[in-house]
Amino acid sequence: MKKKIIPVIVALVLIILVGAIGFGRKLLDKYSYSRELADLDEYYGVTQDELAIILQDEMISDKAVLADGGVYFSLDTVHNYLNEGFYVDRSERKLLYTTANDTMEALFDAREYSDKEGSHATEYTICMERGEQLYLAADYVRQVTNYEYTPYDRHVQVYTQWGERQTMEVSKDTQVRVLGGIKSPILRELEEGETVELLEEMETWSKVKTADSIIGYVENKRLDNFNTEQEVAVTDYAADEYTSISMPGKVSLGFHAIGGEGGNTTISDMLAEGQGINVIAPTWFSLTDNEGNFRSFADAGYVQQAHNSGLQVWGVWDNFNYRNETGADVSSLEVLSSTTKRRKLAQSIIDTSAELGLEGVNIDFEGLTQECGPHYVQFLKELSVLCRGSGLILSIDNYVPFNFNNYYRLDIQGMVADYVIIMGYDEHWHGSGEPGSVASIQYVSNGLDRTLQEEQVPKEKVINAVPFYTILWKTEGTEVTDQYITLNNVADYLERVNVEPQWDENSCQNYAEWEDGNAKYQIWVEDARSIEVKLNVMKVKELGGVAVWRLGYGTPEVWALIAAYAGS
């Protein structure tokens, strides 16, 4: 009997042992720390010669590359995260960067760049093409950018801002893992005494960044000695300093529309009308072709007469009058996107201004497409350098700002220009087919607020242009037509049609509507009362001045208001 029982007992014991071993293995597997190493190429999402970018404390989707012995960032990365000032002319294969007083220029694949001081050799290729993408050397970007970078095996750490950071000390040898959990793959070993930056503390694990910028997770029980440290900012970067020319007191500018050389003879009438103006801006110059040439109605005697009356003369350069007059095919994009043509235009503006003895340049480029935006901004930067070097005031005309025209870049204009003129009209315009005010007070005030927001343009640089005209709207069935009526003619017109407008608090304008046969007429009147409201808003916002479109349209009553505002 005993002999029969013993084998059974042995079998049971073996079964129990096997079960215990299996259960133990499960427990061990469950509670033991994984020694699996993370695939770092997969973790960083990089292939050969690529580097992941750690921006501050986050890994972004963009990648840097290792080439020519150094780190290179794509132009998109540079624009989005480091410095949007770099400009590329692909047709001429040039990389440009314009500062307050100079332009750095490098050809693609070159190891040198030039500026006004001459040519400068570099130990690296400044920019190179890979497919359709252009890559810029990190060291070259650093010459004009407030940032620092440190490359590692598969990633590069980039800092563009500095502040306080929280750190902790590793209290015992451990690992930093991809995720919180003992089974997560290991990014690297951590030794007792190492310091890590604490990014996010959770219940049992914390997100940290190691001294070599590896971001992962460490158990809280392995961390000790919480501390706060001040990060050390870059010390070898000097921000560009833009200087501006400001007129004493407020600018009071009258645009003088001149459609031919004979128009210069009307200056005496314009000066007699324009009470309180200290700047006259004749519309003399307009682009004539796609090579950067322009036509001129300028007259030196006109300038002398203005000077004798104590006025500055700011010549107006536009991109539309010649085209409208002649039907010529003039492409702003073709001119401004070519570095050669753009520079020709800018230098010609400076030379012409010097020959005539002008005090200022006024740029009135309208109807630009979003595609043209970056080229226009580069033109303004380059022109500003020349104006600054020549002592010329640079003023730039702009639509009332909205999201759809933000590529005119008022923020950059506010930096490079002396004055930014907001054309505070065209809320409704000739041919728009929608009756409405030319410049209601909400439209004007909100546009100025957007111009001034977050000091996009310093208030002392902002000039608001007011309209000395209104539009009479006629609606007949579904057809809407319109006609301009100048401020000095609107009262007579309303008297002739025997209509007396009523004040509209919403637009802060006198409004009238009437019917004649099947036609409905509407008019939002610009007059002394509406202009006074606009000037009061401008005074509250402490703007740099007022501009008037245009001389020849005003009344003595309105000019007295302009003079009082300019002298306040």
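Modeller: A salt bridge is a side-chain nitrogen of Lys or Arg within 4 Å of a carboxyl oxygen of Asp or Glu. This model is predicted, by the way, and it holds 29 salt bridges.

Biologist: What makes Asp153 and Arg154 a salt bridge?

Modeller: Their closest N and O atoms are 2.7 Å apart. The cut-off is 4 Å, so the pair qualifies.

Biologist: And why is Asp153 called exposed?

Modeller: Because exposed means over 50% relative accessible area, and Asp153 has 58%. Arg154 has 23%, and that puts Arg154 between the 20% and 50% limits, so the word is partly exposed.

Biologist: What about Asp212, how do you know that it forms a salt bridge with Arg188?

Modeller: Same kind of check: the closest N and O atoms are 3.3 Å apart, and the limit is 4 Å. This pair links distant parts of the chain, 24 residues apart. Asp212 sits in the loop between strands S17 and S18, while Arg188 is in strand S15. Asp212 is partly exposed, at 23%.

Biologist: Which residues are linked in a network of salt bridges?

Modeller: Arg90, Arg93, Asp109 and Glu129.

Biologist: Now Glu273. What makes it stand out, given that it is buried?

Modeller: Glu273 has no salt bridge. The nearest side chain of opposite charge is that of Arg550, 8.7 Å away. A salt bridge needs 4 Å or less, so that pair does not count. Glu273 lies in helix H5, and its contacts beyond its sequence neighbours within four places include Leu551, Tyr553 and Trp559.

Biologist: Where is Arg550?

Modeller: In the loop between strand S34 and helix H15. The peptide bond leading to Arg550 from Trp549 is cis, with omega near 10°.

Biologist: Why is Cys508 called buried?

Modeller: Buried means under 20% relative accessible area, and Cys508 has 13%, so the label fits. Cys508 also has a positive phi of about 55°, although it is not a glycine. You'll find Cys508 in the loop between strands S31 and S32.

Biologist: What is phi of Arg409?

Modeller: Near 55°, again a positive value in a residue other than glycine. Arg409 lies in the loop between strand S26 and helix H11, and its side chain meets that of Asp411 in a salt bridge, at 2.7 Å from N to O. Asp411 is partly exposed, at 31%.

Biologist: Why is strand S5 described as largely enclosed?

Modeller: Five of the five residues of S5 are buried, so the rest of the structure largely encloses this strand. Both faces are covered: Lys94, Leu96 and Thr98 are on one side, Leu95 and Tyr97 on the other.

Biologist: How do you know that S5 pairs with S4?

Modeller: Pairing takes at least two bridges, and these strands share four, so they pass. The sense is antiparallel, and Val88 has Leu95 as its bridge partner. S4 and S5 form a hairpin with four residues between them, and Arg93 in the turn has a positive phi of about 55°. S5 also pairs with S6, antiparallel over five bridges, with Thr98 opposite Thr103. Another hairpin joins those two, through four residues.

Biologist: What is the strand order in the open sheet of seven strands?

Modeller: S9-S10-S3-S2-S1-S12-S11, with mixed pairing.

Biologist: Why are S9 and S11 said to stand at the edges?

Modeller: Each has a single partner strand, so one side of each has no neighbour in the sheet. On average, neighbouring strands here are turned by 35° against each other, direction ignored. For S9, pairing with S10 is antiparallel over four bridges, and Met128 has Tyr135 as its bridge partner. Helix H3 packs on the sheet, its direction making about 80° with that of S3.

Biologist: How many helices and strands does the whole protein chain have?

Modeller: There are 15 helices and 34 strands.

Biologist: Why is the chain called more spread out than a compact globule?

Modeller: The radius of gyration is 34 Å, while the globule rule gives 24 Å for 568 residues; the value is well over the rule, so the chain is more spread out. Its C-alpha trace spans about 135 × 60 × 45 Å along the principal axes. Even so, 51% of the residues count as buried.

Note on methods:
Residues are numbered from 1 along each chain as its sequence is written. This is a predicted model: local features need pLDDT of at least 70, side-chain atom pairs count only at pLDDT 80 or more; totals for chains, interfaces and linings use all residues. Side-chain values use heavy atoms; hydrogens and water are left out. Axes are lines fitted to C-alpha atoms, for helices over the stretch in contact, and angles run from 0 to 180 degrees between N-to-C directions. Contact means heavy atoms within 4.5 Å. Buried means under 20% relative accessible area, exposed over 50%, partly exposed in between (1.4 Å probe, protein chains only). Lys and Arg count as positive and Asp and Glu as negative; His and the chain ends are not counted. The radius of gyration is taken over C-alpha atoms; the globule rule is 2.2 Å times the number of residues to the power 0.38.
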